[in-house]
Amino acid sequence: MLFRRTYLSLSRSTLSTLLGPLNHCPYPKTHHHRHLRFLSTSRMGDTHKSRSIPAIDKAPKPDLLRALESSIGSSFRTDPVCPDPNPLIIVISGPSGVGKDAVIKKLREVRENLHFVVTATSRGMRPGEVDGRDYYFVTKEEFLSMVERNELLEYALVYGDYKGIPKKQIREYMGKGYDIVLRVDIQGAETLRRILGNSAVFVFLVAENELKMVERLIERKTENKEELLVRIATAREEVKHVRNFDYVVVNADGKLDDAVKLVDSIIDAEKAKVWQRNVAI
Ligand SMILES: Nc1ncnc2c1ncn2[C@@H]1O[C@H](COP(=O)(O)OP(=O)(O)OP(=O)(O)O)[C@@H](O)[C@H]1O
């Protein structure tokens with residue numbers, strides 16, 4: 001009873017803040033109203049009209065369609081029942097070494113209209129990395145002036161280096177209808193959850209077990225002994241944060257393609273939601 005009263009006292013705008021905006025599906029509002037008005041007038045017993053519709057199994061389809069339209073009193077609509085889904089922001093996170101980069105790299109190969117936001121970082125370039133593709137490599141001073149100019153959606157000091165997400169790229173690509181992929185560590189994902197709330201999709205990536213994750217870090221050969229120990233200790237804490245995410249994806253050894261397929265399906269399902277997420281940066 002208490003719940004009911006509280007619920008009823010919520011204003012329409014409060015409800016839309018809580019639930020997010022509707023996708024105007026099926027049909028945008030104005031059309032929908034016109035459609036309803038039409039239905040209410042056409043329902044007034046036009047039974048004589050149905051007599052002029054030819055037999056369904058005999059008449060050619062175009063004739064049948066024309067007769068049905070004339071009986072209903074309007075043409076069948078060819079505009080989409082639902083407008084295009086909103087562009088999404090997909091935040092991919094997980095402990096170090098679980099395969100975030102590997103999953104995103106493959107996802108970009110299999111999915112169109114996806115923009116991977118290139119993070120700005122003050123850390124040094126690793127062998128094989130390319131500036132502007134893997135990260136924007138900037139000096140600490142350059143990074144701090146980006147912070148000063150409020151150009152970053154989120155930033156953090158990670159293992160002694162700054163990492164941050166440039167807002168400009170997100171705005172630019174969402175404006176073109178692209179979905180946005182952000183790759184952040186757990187700390188970054190928590191900050192983004194506070195900034196974006198439920199307007200973005202949060203995916204937590206894990207290895208099938210701790211041993212596999214450590215083996216991957218060893219094989220990658222990008223960390224020294226001390227760095228490895230810090231990453232392993234941090235990862236133990238980080239897996240506890242899975243509750244703050246919308247989805248968890250296991251990236252099992254040798255099964256990278258399965259993990260990518262699951263992330264791809266998550267995006268598909270999100271795009272099919274009636275209650276679309278709607279992000280404003
Ligand atoms: N499913 C998998 N099976 C086997 N090896 C994998 C799999 N996924 C990723 N790897 C390998 O594991 C290593 C770590 O992956 P990756 O660098 O993508 O992790 P990450 O989560 O981005 O790490 P970090 O956060 O430290 O940058 C890489 O050498 C990668 O090729």
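Which side chains meet in a salt bridge with a 3.5 Å gap, N to O? Keep that in mind, and I'll come back to it after a quick tour.

First, some housekeeping. This is a predicted model, so to speak of local features we need pLDDT of at least 70, side-chain atom pairs count only at pLDDT 80 or more, and totals for chains, interfaces and linings use all residues. Residues are numbered from 1 along each chain as its sequence is written, and side-chain values use heavy atoms, with hydrogens and water left out.

Okay, the overall picture. The protein chain has twelve helices and nine strands; those are DSSP runs numbered from the N terminus, with H or I of at least four residues for helices and E of at least two for strands. Of the 281 residues, 36% are buried. By buried I mean under 20% relative accessible area, while exposed is over 50% and partly exposed is in between, using a 1.4 Å probe and protein chains only. The chain exposes about 17,400 Å², and carbon and sulfur atoms supply 56% of that. Those areas come from the Shrake-Rupley method with a 1.4 Å probe, and for residues only the protein chains shown count as cover.

What about contacts, meaning heavy atoms within 4.5 Å? Take the ones between residues at least 6 apart in sequence: 68% of them join residues at least 24 apart.

Now let's go inside. A nonpolar core here is a set of buried Ala, Val, Leu, Ile, Met, Phe, Trp, Tyr and Cys residues joined through side-chain atoms within 4.5 Å. The largest one has 24 residues, and those with the most contacts inside it are Ile90, Ile92, Leu107, Val181, Val249, Val263 and Ile267. Several elements each supply at least two of its residues, among them β1 (89-93), α6 (100-110) and α12 (256-271). The largest share, five residues, comes from α12. If you'd like one residue to click on, try Ile92: leaving aside neighbours within four places in sequence, its contacts include Ile104, Val181, Val203 and Val263. There's also a second, separate core of 20 residues, which includes Val91, Ala189, Leu196 and Phe204.

Next stop, a sheet. Four strands form an open sheet in the order β4-β3-β6-β5, with mixed pairing. Two strands pair if DSSP finds at least two bridges between them. β4 (136-137) and β5 stand at the edges with a single partner strand each, so one side of each has no neighbour in the sheet. Strand β3 (residues 120-121) and β4 run parallel and are joined by two bridges, and Ala120 has Tyr136 as its bridge partner in β4.

On the other side of the order, β5 (residues 152-158) is mostly covered, with five of its seven residues buried. Five bridges join β5 to β6 (residues 161-166), and these two run antiparallel. Val158 has Asp161 as its bridge partner in β6. The hairpin of β5 and β6 has two residues between the strands, and Tyr159 takes a positive phi near 45° there.

Right, charges. Side chains of opposite charge can pair when their charged atoms come close. The rule for a salt bridge is a side-chain nitrogen of Lys or Arg within 4 Å of a carboxyl oxygen of Asp or Glu, and the count comes to 22.

So, back to the opening: the pair is Glu270 and Lys273. Glu270 is buried, at 3% relative accessible area, whereas Lys273 is partly exposed at 34%.

Then there's Lys212 with Glu215, whose closest N and O atoms are 3.8 Å apart. They sit three residues apart in helix α10, so about one helical turn separates them. Lys212 is partly exposed at 24% relative accessibility, and Glu215 is partly exposed at 28%. Both belong to a salt-bridge network with Glu208, Arg216 and Asp253.

Last thing, the surface. Leu65, Leu68, Ile72 and Phe76 form a nonpolar patch with about 290 Å² of accessible area together. Patches are made of residues with over 30% relative accessible area and no salt bridge, with like charges joined within 9 Å and nonpolar side chains (Val, Leu, Ile, Met, Phe, Trp, Tyr) within 5 Å. Leu65 lies in helix α5 (residues 61-72) and is partly exposed, with a relative accessible area of 38%.

That's the tour, thanks for listening.

Conventions:
Contact means heavy atoms within 4.5 Å.
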